[in-house]
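Reader: I have a new model open and would like to learn how to read it step by step. Could you walk me through it?

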Amino acid sequence: MSRDKKYWKNLAELDSANNNVFDDLQNKEFVEEIPVDDFLSEQDNLTDSSTSRRDFLKYIGFSTAAATLAACEGPVVKSIPYVVQPKEIIPGIANFYATTIANGYDFANILIKNREGRPILVKNNSLADGSMSANARVHASVLDLYDNTRLTQPVKENLPISWFTFEYETLSELQRLSKEKKEIVLLTQTFASPSTQSLIDKFKSKFKSVSHITYDSISESEALDAFESRYSVRGLANYDFSDSKIIISIGADFLGDWQGGGFDCSYTRGRIPDDGKMSRHIQFESNMTLSGANADLRVPLKINEQKLVLIEIYKSLFGSNKVKLESNLKLSKKLKNVVDTTINELKSAKSGGVVITGIQQKEYQLLALEINEKIKSIAFNPQQMILTRSSKNKDLHDLIVRMNEGKVGAVITSGINPVYSLADSESFIKAFKNLELSVCFSQKNDETASHSKYVAASNHYLESWCDYELKTAEYSLAQPVIKTLFNTKQFQDLLLVWSGSKSSFHDFIKSNWKKNILENENWNQSLHDGIFNRKSKKISKRNFISQNKISTKALKYFEIIQDTNQKKFELNLYPKTGMGDGQQANNPWLQEFPDPLTRATWDNYLTISESDAKDLNLLLKPSTFFKQSSNDANGGLNGKYAVIKLNSKSIKVPVMIQPGQAKGTLGLSYGYGRSKGLKEEMMTGVNAFQFYENYNPIQYIEIEATNEIHEFACMQLQNTLMGRGDIIKETTLEVFNTKNVNAWNKQAVVSLNHIETPVSSPDVDLWQEFDRSIGHHFNLSIDLNACTGCGACVIACHAENNVPVVGKREVRKSRDMHWLRIDRYYSSEDSFEEDNNKKDNISGLESSLTSFGALENPSENPQVAFQPIMCQHCNHAPCETVCPVAASSHGRQGQNHMAYNRCVGTRYCANNCPYKVRRFNWFLYNGNDEFDYHMNNDLGRMVINPDVTVRSRGVMEKCSMCIQNTQAVILKAKLEGRPVAEGEFNDKVACSAACTPGAIKFGDINEEGSKIAELKNNKRAYHLLDAVGTKPNVVYQVKVRNIKEKS
Amino acid sequence: MFNHSKTLSNNFLRASILIFVILFSNTIFSQDGDPVAGKALFNSNCASCHKLDKKMTGPALRNVEARLLEDEGLDRDWLYKWIRNSSSLIKSGDDYANRIYLEYNKAAMTAYPQLTNVDIDNILAYTAQEKVVPKPIATAVAAAAGPSNSSGLTDEIILGVFSVLFLLLSTGLIVVTKTLRDLAKMKGVKIEEKKKGKPIWKAYLENQFLMLCTAVLFLLVSAYGFYGWTMQVGVNQGYMPIQPIHYSHKIHSGDNKIDCNYCHSSAKVSKHSGIPSLNICMNCHKSIYEYNGETSEEYSKEFYDNEIQKLYKAVGWDDEAQEYTGITYPVKWVRIHNLPDFAYFNHAQHVSVAGIECKTCHGPVEEMEIMYQHSSLTMGWCINCHRETNVKVKDNEYYDKIHKELSKKYGVEQLTAAQMGGLECGKCHY
């Protein structure tokens, strides 16, 4: 018997009858033949080889010795001073200049930090009110300046030419076309620039048959049309949510890029509950957006349901007989209940309410405008228009028709890339190529430039002059902060040349401002401030509305087309926080910027609800060691590819399960799939603009699963909190206002002699306590109520601290280097509170196995919470105690110091850190061809902050609380022989300075009456994982949700 | 003689007695003024625009009086007028005045109404002096060599005497031993012959314990040596690279006493001391086109003058035409003090806040013909100083509170930089 017993080592051996690999393995070391004989048989080659084994050893020996010797000798460093030093530049001292970014998609008033003449950092202009402040993309834009794929000089038919030739040839062509009465078209981005407008008028008067068409790659045309038809001017209404009681958003991602964005600042002002009040935010939407993630109530809906909700709200205010709906669609009972309570809340809030919508249809935009007028919403401000979007869909459509008919002689584009961003780019390319004169102003040889006859290498905005009117009467100036790096010119320079003017654009702006805008104010002061508010141009609010009374008689018709084809899915195109419209696709910071919601980098993807994915066979099995699993062995997330089809177009796109995605809908972001004018590493994702037909972000498409697997690079693999409510503490407004602080922000306790003792007590502390009342003591406060998850801080931290970019492959291995990350958590039940209850009620093994398993999965429509995490600078730091070489140590000012030169790379500290904020340099990320990002070329390295070490391979790094900046403040005070001024530290750390919503606050708690000391002792304040007893110098403020008890 | 001294102005009489004495002794040939007093006047009034032998902002002035008399027929009176108020002379329509005015691009000469005729006479006397060619300091070198030679001789004599003594002593010793042996033989004392034992090296090789000890000792010593060698890796104390322009700190800082901060001005406010831009050099070198100080064989006048020419080329200065050409060749200096990237050092903190002298770290710069790295710039060197140096809190309100509290805590009068937090890693490494 025993002889028959067979022991097997693996499944293959058991199955050895059918598997002869095993037999092979028993006999040989390798299954496959090793080509030793082949190799040795090539005697000729072997003997002919000039390098013998001895030579090889000699070379090895020599190079090792040489390398050793070279390492002992310091390199010769050259220093080249100025011949004539400009008096405003002192080496080692930063200058700040106010300027404005306006790239057609992002508009912001900013300050530029300039070191030795190099712009290295974007900051917000503190003089501006914050509504036009820098987002993540604007913070990253400084790196675009040092892009080594930029055009260095003008190009004609792929051959470089001089500006003189360019100007001469284009001018003579324009003159000829003008004589022949052919149409000359200026096809540009939205400039929102008064001086550029008057230059274009000048150009028009010179060449007669000129038309100027603006084109926004992501169109707000319907909203503009609605506004124009209501108020007879073209613009977008401004909103200020600071004092709103209820914000109802129907498909409007106003914390993202809805109508140009920039509403997060006023929104969060109304969300801080310290006086017992905060606004309530209800969001109806299809994709999970930043706004939905921050909402108190989020209802995932398809577009038709969203329309019905809006109509329902309208009816309740204006009477149901005002609207005629030509559809038999009705709200479900459940939804009807939600809408009814919403309407009641809106009505009781009176003027404190506001309704906004992102539905790209003029009629629905009008409904929202009328509702806000009717309730006299204080948030709604149509007088002060936002002027950063202006395109009219019909204009461009007509232009392409005219171009194809051969009526157009010349098209001059500037700041746009229609070949990339038009759905029907084929017909545009065809027409564009057949033009007698095509000129493209571009910084890159991008998709449009490569089809243009002349390409004018244009300036980066940091090299340009310009002026702007971003909102009515709010003017801004842009000034160059560096001399043009290459032989480039800006669009306006050429307009001046063509118009026959000899003056520079700077002089033109200056004279224009003196004549029309400044009203005897000082030009130099305006240039210094970067902004100028014209007082006389404001119009009183109520007058404006009364002029346009809502006609009560008119009956409104709405037709809602119901998609009968069940196979078709509703595709919602959206701009991603990190990439916007895709013009910054060659920016490695933005490529590696994790999406706030999916936490994915280097990709765009189709978001889908879990149940739809299941139905479509797009779901991968949970993590196992089989192929086709949702995660690979080191955790990397996988997704299946799907093919989506619209009419004749089809693209293969990876699928990502998005909790909260409305059933029957899909999401896909613009901005990816660029193919020209960027490095190969940056050609990521698919181009969603192909599906952007008729500038409508909602498309009905067919979808089909494939069996191919896509590998995502996600920054975070854990999606839920597993009921650990002490990581993100949250409560409701009602509890916050009525109950004792212990009920919703209880400090952790440990048992000492069977008595529960708070962890802050020295009796239960492992560490010795020090007196921290002398000198400065820095703290950082993060208000979870104010954090919208926008990620501006992440990029600002990158720029300030020389954080390297590691690439998709490394991110997938969780080797990302972000010093600051914003963790996003989904609830597994409908809310985090229910998660906590579920976890607390687990008893017994069986229950824990099933329940914990279930808690790992986010709910269909989860609550979302964001939590920015950087080094917590623990006063009792676990990392410091385990470092064998004392590379990590504590300073008196509260910071946890990291001495890179001391670090030997044991990584004990990272393992002992409860917050996982330490980052290890697995490779040398600068000057390494394997990581061919900005740190691998001289141009890209110009963005490096000279006050911060560029880390080398094998050392640990982490947030330093921007010690270089706090030290600079202290030194400045010492040099001036004075104490540090009140609040002088407050905007000195990069993340806090970048956080316009004011979620991240920094300061010195030993400073008398400082805001930060108050925040530290706020009743909402808590320390992350306080049970560990690390006593961090970063405090979080409990998240309060304005949720009504379930009825 | 006495009459003449009467003509001197009262002011001048009040001037230094020394000058008076010199004047007095020189009166024999001072009918036309006194060149020594003239030189002082020339240097304080004229030298910023005029040189004796070279055209600068204004013309070269060597033998100006004789030249004017010869070429233009103008006498000293004309010169008095011109120097006291050239513009009125130009306005009066004087031919030569207008010509010279146009020749120098209508740059009017500063009026000197305060100069008396005697002053001007003195200046002219100075300009009339023959050019003195500075003699090389070969004699000085020889003179310096003299005493050192003589001291060498005495050493040799002493050595010689000693060696003769030594010889005498050793012969004496041999003679004495021999006599003693002979004496012993005579007396019949037997001297035991030493037995030939093992050679010492053999014994040593056979003794394993000794071998082990030696091996251990050898290893320890070589480990110590290796450690010492590794510790100096990357320490470039004494690093003295050859610079593209031979800039002598000795001449500028030592001989001419130029303050360090005049050129390295950003040291007071910034982290970098700053290598001065070339326009700073030209503040002085516009008028200093040649070197007239001490020279040696290695560093001759020609050598230094050539270095000044290098500066002119770099900055694009046409010394003949006295104007900038606009063609520049920025100088690629070799950086001497190289701190590694991971160490943050701020000059302003040390120079302005702490009031540390430059030479504390940079050594006797005023004696350095070629600049070199004086200090080791190692971390231990930094730390030592931080431990020993007190924080300069006087007149700095920043320190008021923190110094009071901290000194109380540590129970000291004066806090050192280390106690103030100057040893924390993160203060220099970030």
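Reader: Where should I look in chain A for contacts that join residues far apart in sequence, and what percentage join residues at least 24 apart?

Author: Keep in mind that this is a predicted model. Count the contacts in chain A between residues at least 6 apart in sequence: 73% of them join residues at least 24 apart.

Reader: What radius of gyration does chain A have, and what would a compact globule have?

Author: The idea is to compare the chain with a rule based on its number of residues. For 1047 residues, a compact globule would have a radius of gyration near 31 Å, and chain A agrees because its value is 31 Å. The C-alpha trace of chain A spans about 100 × 85 × 80 Å along its principal axes. As for burial, 50% of the residues of chain A count as buried.

Reader: How many helices and strands does chain A have, then? And which domains is chain A divided into?

Author: Chain A has 34 helices and 44 strands. Its domains are domain 1 (1-58), domain 2 (155-219 + 391-521), domain 3 (237-383), domain 4 (569-714) and domain 5 (730-1041). Taken over C-alpha atoms, the centres of domain 2 and domain 3 of chain A are 38 Å apart.

Reader: Let's turn to sheets. Which strands of the open sheet β41-β34-β43-β42 in chain A stand at the edges, and why is one side of each left without a neighbour?

Author: Start with the order of the strands: these 4 form an open sheet with mixed pairing. β41 (1000-1004) and β42 (1021-1022) of chain A stand at the edges; each has a single partner strand, so one side of each lacks a neighbour in the sheet. Elsewhere in that order, β34 (residues 778-783) and β43 (residues 1034-1037) of chain A are parallel, paired over 4 bridges. In one of these bridges, Asp783(A) is partnered by Gln1037(A) in β43(A).

Reader: And how do I read a hairpin, for example the one of β3(A) and β4(A)?

Author: Look at the bridges, then at the turn. β3 (residues 107-115) of chain A runs antiparallel to β4(A), with 6 bridges joining them. Ile112(A) stands opposite Val122(A) in β4(A). There are 2 residues between the strands, and Glu116(A) takes a positive phi near 50°. β4 (residues 118-124) of chain A is mostly covered, with 6 of its 7 residues buried.

Reader: Which residues have the most contacts inside the largest nonpolar core?

Author: Leu606(A), Cys793(A), Ala796(A) and Cys991(A) do, in a core of 260 residues. Leaving out residues up to four places away in sequence, Cys991(A) touches Cys793(A), Ala796(A), Cys797(A), Leu820(A) and Ile1000(A). A second, separate core has 12 residues, including Trp82(B) and Ile120(B).

Reader: Is Gly225(B) buried or exposed?

Author: Count neighbours: Gly225(B) counts as exposed because it has 10 C-beta neighbours inside 10 Å, and 12 or fewer is the cut-off for that label. Gly225(B) belongs to helix α12 (residues 208-231) of chain B.

Reader: Finally, how many residues does each chain bring to the contact?

Author: Chain A brings 39 residues and chain B brings 46 residues. On the side of chain A that touches chain B, α32(A) gives the largest share, 6 residues. That side divides into 21 nonpolar, 14 polar and 4 charged residues. Strands also pair between the chains: β1(A) and β3 (residues 333-334) of chain B are antiparallel over 2 bridges, and Lys78(A) has Val334(B) as its bridge partner.

Conventions:
Residues numbered from 1 in each chain as written. Chains lettered and ligands numbered in written order. Predicted model: local features only at pLDDT ≥ 70, side-chain atom pairs only at ≥ 80, totals over all residues. Contact = placed C-beta atoms within 7 Å. Nonpolar A, V, L, I, M, F, W, Y, C, P; charged D, E, K, R; others polar. Pairing = 2+ DSSP bridges. Buried ≥ 20, exposed ≤ 12 C-beta atoms within 10 Å, placed from the backbone. Core = buried A, V, L, I, M, F, W, Y, C linked by C-beta atoms within 7 Å. Domains from an automatic or database assignment. Rg over C-alpha atoms; globule rule 2.2 N^0.38 Å.
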